[in-house]
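Me: Could you take a close look at one part of this model for me, the place where two neighbouring helices pack, and follow the charged pairs that lead away from there? I work with force fields, so please give the cut-offs too.

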Amino acid sequence: MSFASSLVVSSNVEISPSSFGFLDSVRDGSQIPDSSRFFSRNRAAKMMKKRHKWGNYSHSSQLKYPVIAASMVVNPAGAMTVSSEQKVYDVVMKQAALVKRQLRTAGELDVKPDIVLPGTLSLLNEAYDRCGEVCAEYAKTFYLGTMLMTPERQRAIWAIYVWCRRTDELVDGPNASHITPSALDRWEARLEELFQGRPFDMLDAALADTVTKFPVDIQPFKDMIEGMRTDLRKSRYTNFDELYLYCYYVAGTVGLMSVPVMGIAPDSQASTESVYNAALALGIANQLTNILRDVGEDARRGRIYLPQDELAQAGISDDDIFAGRVTDKWRNFMKSQIKRARTFFDEAEKGVLELSNASRWPVWASLLLYRQILDEIEANDYNNFTKRAYVSKAKKMMALPMAYARSLLGPS
């Protein structure tokens, strides 16, 4: 299931995991990536000759959750266990604490200057440029929105986008059948090396530089990889608590990665925790929208990303979904699922206003465009089995100025 985030991705583009220089290496455990998709073979050879330079590149309150919330879980013995929200809580609070700590010491989120080591600056600039090219190719709308950001924030967001895209494509791309749990373990080990200032390739180097400049924690990145592991072993979700955790893993994490880079408006009176909560809500909302849009596509792959207990209460079986039956029961069920997704979007809107001025436009664009996908599902009479809900180019173009206008509104 593709990650959904504040990063808008073109829906008609397929990306091969091997294009991101990792599939071949994790398939057999080797350490040589196939990077030809991102730069020419001559440039790839040049980069591998300079591989040692990457190796030397190093760098010295209670949270309020959305109204529609994951419930506490009762185990077979009848005891209450920790809900998915509580599992996510510590991660959110840790990220918020990192930002608040830097705000206390710097007054406002400061961007550290480039750490220049001999022979690395040109490679680093090339790495960021390539991340920008990838973002422009696969996330055109979002890329346009980043044009208003400061160059430092812009490049950092590109680097985060590319890492998330590479990670997602490992299990959701055309070559996903080659990916194993051990491959994801190697990808996570590579992430840890990256955070220690030891990037493996040029795209890793951009993110390695980013995490030294902004208060970004590694946990959301590791949690996204955990979401990829979930896709390898799980194709059903017992209740919304399980689905909520999955949505956090594959999408809510992106909000937590991005807020430290996007920044909070200096005049915001909102708590840092509430801004992170809204970013989390946007990720959850976008992923729920993806799930509702792709019911038919996922069913053809043997997957159902819908709460099994709620399906049973609605009188809908797995066979009904696999057969693509659009009945009144299905329409009523979809209405309740769409209502839940919109509740998360409503929660997310509160946080967009609190972001720094230059960062609001791409986030508003994502929010407005994804909300329209829900409208399109309704327009298709809830047939998300054989009809794909998509926002037309004309509507996208209309949404951009609307998003820009809303981005001019600051904290209330």
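Reply: Happy to; here is the helix pair, followed by its salt bridges and the nonpolar core. This is a predicted model, in which local features need pLDDT of at least 70 and side-chain atom pairs count only at pLDDT 80 or more, while totals for chains, interfaces and linings use all residues. Residues are numbered from 1 along each chain as its sequence is written, and side-chain values use heavy atoms, with hydrogens and water left out.

Let's start with helix H8 (residues 181-195) and helix H9 (residues 202-213), which pack at an angle of about 50° with their axes 8 Å apart. Helices here are DSSP runs of H or I with at least four residues, numbered from the N terminus. The axes are lines fitted to C-alpha atoms over the stretch in contact, and angles run from 0 to 180 degrees between N-to-C directions. H8 is therefore oblique to H9, the class left once angles under 35 degrees (roughly parallel), over 145 (roughly antiparallel) and 65 to 115 (roughly perpendicular) are set aside.

On the H8 side, Arg190, Leu194 and Phe195 are in contact (heavy atoms within 4.5 Å) with Asp204, Leu207, Ala208 and Val211 of H9. By class, this contact has five nonpolar, no polar and two charged residues; Ala, Val, Leu, Ile, Met, Phe, Trp, Tyr, Cys and Pro count as nonpolar, Asp, Glu, Lys and Arg as charged, and the others, Gly among them, as polar.

Asp204 also forms a salt bridge with Arg166, the closest N and O atoms being 3.2 Å apart. A salt bridge here is a side-chain nitrogen of Lys or Arg within 4 Å of a carboxyl oxygen of Asp or Glu. Because Asp204 lies in H9 and Arg166 in helix H7 (residues 151-172), the pair ties together parts that are 38 residues apart in sequence. Both Asp204 and Arg166 are buried, that is, under 20% relative accessible area, where over 50% is exposed and in between is partly exposed (1.4 Å probe, protein chains only).

H8 and H9 sit in a wider setting: the whole structure has 32 salt bridges. One network of them links Asp185, Glu188, Glu192, Lys222, Glu226, Arg229 and Arg233. Another pair, Glu310 and Arg340, meets at 2.8 Å, N to O, and both of these residues are buried too.

Finally, the largest nonpolar core has 108 residues, and Trp163 and Trp330 are among those with the most contacts inside it. Such a core is a set of buried Ala, Val, Leu, Ile, Met, Phe, Trp, Tyr and Cys residues joined through side-chain atoms within 4.5 Å.

How values were computed
Helices (H or I, at least four residues) and strands (E, at least two) are DSSP runs, numbered from the N terminus.
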